[in-house]
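Student: I would like to learn how to read strand pairing, salt bridges and cavities in a model. Can we go through one feature at a time?

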Amino acid sequence: MALLCFAHPCLAQRTTQNVTTQSDDAFGRSVGNDRSGLYSADEVRGFNPVDAGNVRLRGLYVDIVDRVPPRLVDGNTIRVGIAAQRFPFPAPTGLVDFDINQVGSETGLSLQLDTASPVSPGPGGNLELSLPFASKSGGLFLGFGFREARRPEGGSHRGRGIAGTLLLRPAPGAELLLFGGANFTRSEEARATLFPAGTALPPRVRRGLFLGQPWTGRETDGNLVGFAGKWQIGSLRIEAGLFNSARILLWNFSDNLTGVTGSGSTANRIIVAARDNRDKALSGELRLVRDWTAGRINHSFVLSLRGRNKERWFGGGQRIALGPSSAINPDTRPAPAIVTTALDHDVVRQRTYGFAYSGTLPGKAGLDFALSRTDYSKTIDFSAPTSPDIRARDRPLIGNISAWAVPVRGLTLFGGYTRGQEEALIAPDVATNRAEAPPAIRTSQIEAGARFTLSKQLGLVATAFRISKPYYNLDPAFRYREIGSLSNRGIELSLTGQLTPGLVAVAGTLLMDSRIGGDPASLNQIGPRPVGQARRRSVLNIDWRMQQGKGPLSLDLAAESLSARTANIPNTLFAPGRTTLNLGARYRFAVHDKPIMLRLQLQNALNAYAWNVSASGGFTYINPRLLLVQLVADI
């Protein structure tokens, strides 16, 4: 099974990082600032694994309340389909598994400076230090990052990040990784989000023109601290992790333009302001693992205790209705006196006890099985006496069973069924019950597929799946609630590997049919398809390194194509499809035997203009063409 592994240092030379050449499939991989594949930490098969609570840190369960501090992690891998085989306790909608930076085998210093990030222009960089102990019994990693962002929609913000990890090997077979990281964002003005009035798309807004309010500066602090360790005792192995994730929204704003017409007029501009909203979660997992071989079969058995205590202090904000406005011209209003009220309090307690088994006949077949009992409770105490408090309790039996077999050489067939419990998304700011979090929901997935080995270095994976879960969104009165059931049926294709020496490709396509079902009366004025989901997504990453993969120069390409997406609840508005293209190059050289890499990338090279659509129907445009220049040195 895919379990903890600290034996090999995770901190590689930054000049050698390349997400395309380091991807095993097209399901999703992130390395540094680059990512490849169909999925990301924000979306897997139409759902957000982080919001759903399907996150792992080095394979162990963790509840993340904010994004993982960038300096703390080395990247992430999406575990879905065949990539989740032999991974204990998978989730119906996929997992995102983060790697933690840790000390390398040699003392080293890595420096990165750039002119922009993949998200926004503006100078930034990071500094990382690796200090192994002389006795090879561990070591220290330290990282610092900064960004002075000039955002593509106008406005700016400052970002700072720090991280540190301490690896200890106190005895043979024992390892302990202690870590902590934090991220700080200041003066990030709220971006204007457009909600169309009817069946007409919003007007083409000039990119880079700031349409927001200068007094809506978002200020947030986030941190993640904890430990992960393992201890081999004979044929048994103990694995454990305990993590504390926290976020403080010192100030938070959203800028919602509702009733936007094709000419740019806006019926009402609503600013939602809140302060001192806080989230924190203490979570972790304890495992007892035994691996053994009987005859030709490799066995693995895992006993697991997973749990979390999560608290949220939310609400207490103010909805500021500014009246008619414009979606195409700046409309700056004077800063009002913002009056906040008492916060609402949301508490989740969850304990999950389970076991997992994996049996493998190497090169022939395998079987995975897991079963868990979850004890879940949720309470929401609203500060307003007129709002009834929420009390929810659930004790579902969840688990999975999957198998794979190799009927002929070069062909692997696999399939499985997973039943789980996940968090529903929090109500968006435009909702009348903004920030309210529904109780956990039950989900299920059935999938089957095949992997074809086309050559020693090229593989094709095809998977069909169906995911079922309750559907939460805005009803016609803009209240966020359960309005039906959602079924995502899809087919995904992944082609990955080396085409010729030096030429590597990662290609994937997702075809998905999403349908909302339920009581016809409750679905009145609600269309059959969920908002914001595309029926097709295709990606292609190519990396070509000269001199059959040994030259100093490489060229790369990243393309993404999306079909049209449903853009409102009645399904009467659709955002057109789009295709974007990124072109890049890397040049590697050395100064005094120290490796250096110069990276150039032209993002959205064709300067395509298109719309992003949120699950609640909010429109924002994609980023314009951007040239990123990056210098990386391993000293």
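Student: Which residue in strand 15 does arginine 237 stand opposite?

Tutor: Before the answer, note that this is a predicted model. To read a pairing, take one residue and look for its partner on the neighbouring strand. Here arginine 237 stands opposite valine 289 in strand 15. That pair belongs to the contact between strand 14 and strand 15 (residues 265-294), which run antiparallel and are joined by 23 bridges.

Student: What does the turn between strand 14 and strand 15 look like?

Tutor: For a hairpin, count the residues between the strands and check the backbone angles there. This hairpin has four residues between the strands, and glycine 264 takes a positive phi near 105°.

Student: How many bridges join strand 13 to strand 14?

Tutor: Strand 13 (residues 217-233) and strand 14 are antiparallel, with 15 bridges between them. Take phenylalanine 227 as a register mark: its bridge partner in strand 14 is leucine 242. These two strands also form a hairpin, with two residues between them. In that turn, glycine 234 has a positive phi of about 65°.

Student: In which sense, parallel or antiparallel, do strand 12 and strand 14 run?

Tutor: Strand 12 (residues 192-196) and strand 14 (residues 236-260) run parallel and are joined by five bridges. One position to find is alanine 192, opposite aspartate 255 in strand 14.

Student: What is the strand order of the open sheet of six strands?

Tutor: Sheet order is read across the sheet, not along the sequence. The order here is 2-1-5-6-3-4, and the pairing is mixed. Strand 2 and strand 4 (60-62) are the edges, each pairing on one side only. Neighbouring strands in this sheet are turned against each other by 25° on average, direction ignored. Inside the sheet, strand 5 (residues 73-79) and strand 6 (residues 95-100) pair in the antiparallel sense over six bridges. Glycine 75 has aspartate 99 in strand 6 as its bridge partner.

Student: Now the charges. How many salt bridges does the structure hold?

Tutor: It holds 42. For each one, ask how far apart the atoms are, where the partners sit in the chain, and how accessible they are. Arginine 45 and glutamate 492 form one of them, with the closest N and O atoms 2.5 Å apart. The pair links distant parts of the chain, 447 residues apart. Arginine 45 lies in the loop between strand 2 (34-36) and helix 1 (49-52), and glutamate 492 in strand 26 (residues 480-500).

Student: Why does arginine 45 count as buried?

Tutor: The cut-off for buried is under 20% relative accessible area. Arginine 45 counts as buried because its relative accessible area is 0%. Glutamate 492 is buried too, with a value of 0%.

Student: Is the salt-bridge partner arginine 442 buried or partly exposed?

Tutor: Arginine 442 is partly exposed, at 37% relative accessibility. It forms a salt bridge with aspartate 394, the closest N and O atoms being 2.5 Å apart. Arginine 442 is in strand 24 (residues 441-455) and aspartate 394 in strand 21 (residues 390-394), 48 residues apart. Aspartate 394 is buried, at 18%. Salt bridges can also share partners: Asp34, Asp543, Asp556, Arg586 and Arg599 are joined into one network that way.

Student: How many cavities of 30 Å³ or more does the structure hold?

Tutor: There are six. To read a cavity, go from its volume to the residues that line it. The second largest has a volume of about 380 Å³. Of its 27 lining residues, the closest to the centre are Arg56, Arg306, Gln350, Ile398 and Gln421. Strand 23 gives the largest share of the lining, five residues.

Student: Which classes of residue make up the lining of the second largest cavity?

Tutor: The lining has nine nonpolar, 12 polar and six charged residues.

Student: And what is the volume of the second largest pocket?

Tutor: The second largest pocket has a volume of about 420 Å³. It is lined by 22 residues, and those closest to its centre are Asp344, Phe382, Thr432, Asn433 and Arg434. By class, this lining has eight nonpolar, nine polar and five charged residues.

Methods
Residues are numbered from 1 along each chain as its sequence is written. This is a predicted model: local features need pLDDT of at least 70, side-chain atom pairs count only at pLDDT 80 or more; totals for chains, interfaces and linings use all residues. Side-chain values use heavy atoms; hydrogens and water are left out. A salt bridge is a side-chain nitrogen of Lys or Arg within 4 Å of a carboxyl oxygen of Asp or Glu. Buried means under 20% relative accessible area, exposed over 50%, partly exposed in between (1.4 Å probe, protein chains only). On a 1 Å grid over the protein atoms alone, a cavity is a set of points where a 1.4 Å probe fits but cannot get out, and a pocket is an open set with protein on both sides within 12 Å along at least five of seven lines; lining residues have an atom within 4 Å of a point. Grid points are joined across faces, edges and corners, and a volume is the space filled by probe spheres set on the points. Ala, Val, Leu, Ile, Met, Phe, Trp, Tyr, Cys and Pro count as nonpolar, Asp, Glu, Lys and Arg as charged, and the others, Gly among them, as polar. Two strands pair if DSSP finds at least two bridges between them. Axes are lines fitted to C-alpha atoms, for helices over the stretch in contact, and angles run from 0 to 180 degrees between N-to-C directions.
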